[in-house]
Amino acid sequence: MPSPPLLEVKDLYVQFPTPKGVVNAVSGVSFTVAPGETVAIVGESGSGKSVSSLAVMGLLGTGRIADGSVLLRGEELVGTDPERLRELRGTEMAMIFQNPMTSLDPLFTIGDQLVEAMRAHRRISRREARARALELLREVGLPDPERRIRSYPHELSGGQQQRVMIAIALACEPALLIADEPTTALDVTVEAQILDLLRRMQRDHGTALLLITHDMAVVAEMADRVVVMYAGQVVEQGPVREVLRSPSNPYTRALIDSIPLPTTPRDRPMPAIGGSVPTITEMPPGCRFHPRCPSVQDRCAREAPPLREVGAGRASRCWLHETAGAALGGEVRRAG
Ligand SMILES: Nc1ncnc2c1ncn2[C@@H]1O[C@H](COP(=O)(O)OP(=O)(O)O)[C@@H](O)[C@H]1O
Ligand SMILES: [Mg+2]
């Protein structure tokens, strides 16, 4: 029996005011994260990954949840009061971002920021918090933590700053950690170290991880399940190994094809997907991917395909599933 979800996002719509009126940045997104599980949300820039995760955290700024539900351990977060959300952010869920400098306060030492994070939500003496801070910095592999605890953020490298952010996120022992492109700003060696750290943290603390990335290679390495997003919608989801082996959706296939193989010569250009993600004010009619889709049919420009079950725990949004067997090498199964 799979455990009941820690996080359940159901039919989420998020709107932003724009000069062209109010528009949906995210339209009907649903996914779950079980305790201790790693779920990746993958898609190109502009797909709605960050907006979806900020909605969970209650950090949408000018945006608002227009419809849908966000349940954390069964508790409805949509419409709950900001005070309760703040409390949950310090205890049950935490988030780290692509650029740690936007979250770290340049005016305070990293020790002070860690101590603050702990004392904001727990009765713990300054002295105890300091000791725990040192422990956490050691745990996230910051070199020379006794000295570094007195450093200011700008005195650390990008990779070290991200380690500090992970320490701050873990300080309140959250059940859910959301990491939004945590390694996108780092070089590949440091990226590997940070991903390794996240994996270890998760193993040691049993934290569930919602990992946001544009990179299928990161998904392959890290996640149990994957949610593929395009233009504000989920277009495919399922267990990572199955989805990678036999993607149901042409967009997923394109993302997989853009992973460079170890054997790919460095000088060969990556087979990128032509065109780009439509902006929220100019969504194409029908299937939102149809203008870029290699498998496009007449119907795709007129009618929007539904998200359909295509196997156990798997779903995909594509008209190809109606013409069974024709899809993507024939591995696609019909629902029911
Ligand atoms: N504050 C905002 N105001 C207006 N539109 C926004 C805002 N934030 C995000 N969007 C739009 O919502 C869509 C999804 O954005 P985002 O979730 O940041 O994408 P991703 O994280 O997948 O790159 C994009 O079209 C983006 O332009
Ligand atoms: Mg983003």
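**Notes on the ligand shell and a few buried spots**

1. Let's start at the ligand: the side chain of S50 has an N or O atom 2.8 Å from an oxygen atom of ligand 1. The protein covers 67% of the 560 Å² of accessible area that ligand 1 has on its own. Keep in mind as you read that this is a predicted model.

2. Two backbone contacts go with that one. V51 has a backbone N or O atom 2.8 Å from an oxygen atom of ligand 1. For S47, a backbone N or O atom sits 3.1 Å from an oxygen atom of the ligand.

3. Who else is around ligand 1? The full set is F16, A25, E44, S45, G46, S47, G48, K49, S50, V51, T62 and I280. Sorted by type, that shell has six polar residues, four nonpolar ones and two charged ones.

4. Which element gives the largest share of the shell around ligand 1? That is helix 1, residues 49–57, with three residues. Helix 1 is mostly covered, with seven of its nine residues buried. The buried ones are K49, V51, S52, S53, A55, V56 and M57. K49 and V51 thus turn up both in this buried set and in the ligand shell. Just past the end of helix 1, G58 has a positive phi of about 75 degrees.

5. On annotation: UniProt, in an unreviewed entry, puts the feature "domain: ABC transporter" at residues 7–256. In the model that span is 40% helix and 28% strand, and its end C-alpha atoms are 27 Å apart.

6. Now for R163, which you'll find in helix 6 (residues 158–171). Is R163 buried or exposed? It counts as buried, because its relative accessibility is 12% and the cut-off for buried is under 20%. Beyond its close sequence neighbours (up to four places away), R163 touches V140, G141, L142, Q193, I194 and L197. Take Q193 from that list: 30 residues from R163 along the chain, with 9.7 Å between the two C-alpha atoms.

7. L142, one of the residues R163 touches, belongs to the loop between helix 4 (126–139) and helix 5 (145–148). L142 is buried, with a relative accessible area of 3%. Not counting residues up to four places away in sequence, L142 touches I110, L137, R148, Q160, R163 and V164. Measuring C-alpha to C-alpha, L142 and A171 are 15 Å apart in space and 29 residues apart in sequence.

8. D144 sits in that loop between helix 4 and helix 5 too, and its backbone deserves a look. D144 is not a glycine, yet its phi is positive, at about 50 degrees. As background, most residues other than glycine have a negative phi. D144 has 38% relative accessibility, so it counts as partly exposed.

9. E181 has a backbone oddity to go with it: a positive phi of about 50 degrees in a residue that is not a glycine. Where is E181? It lies in the loop between strand 7 (176–180) and helix 7. E181 is buried, at a relative accessible area of 10%, whereas D144 is partly exposed.

10. At the other end of helix 7 (188–205), T207 is in the loop that leads to strand 8 (208–213). T207 has a relative accessible area of 4%, which means that it is buried. What does T207 contact, leaving aside neighbours within four places in sequence? The list runs G36, L170, P174, A175, L176, L177, M201 and Q202.

11. Last one: H290, in the loop between helix 10 (250–257) and strand 11 (307–311). H290 counts as buried, since its relative accessibility is 15%. With neighbours within four places in sequence left aside, H290 is in contact with P284, P285, V296, C300 and A301.

Methods: Residues are numbered from 1 along each chain as its sequence is written. Chains are lettered from A and ligands numbered from 1 in the order in which they are written. This is a predicted model: local features need pLDDT of at least 70, side-chain atom pairs count only at pLDDT 80 or more; totals for chains, interfaces and linings use all residues. Side-chain values use heavy atoms; hydrogens and water are left out. Helices (H or I, at least four residues) and strands (E, at least two) are DSSP runs, numbered from the N terminus. Buried means under 20% relative accessible area, exposed over 50%, partly exposed in between (1.4 Å probe, protein chains only). Contact means heavy atoms within 4.5 Å. A residue is near a molecule or strand if one of its heavy atoms lies within 4 Å of it. A polar contact is a pair of N or O atoms within 3.5 Å; within protein, one must be able to donate a hydrogen and the other to accept it, and residues adjacent in sequence count only if both atoms are side-chain atoms. Accessible areas come from the Shrake-Rupley method with a 1.4 Å probe; for residues, only the protein chains shown count as cover. Ala, Val, Leu, Ile, Met, Phe, Trp, Tyr, Cys and Pro count as nonpolar, Asp, Glu, Lys and Arg as charged, and the others, Gly among them, as polar. UniProt positions are given in the numbering used here, feature names are shortened, and annotations may be inferred rather than shown by experiment.
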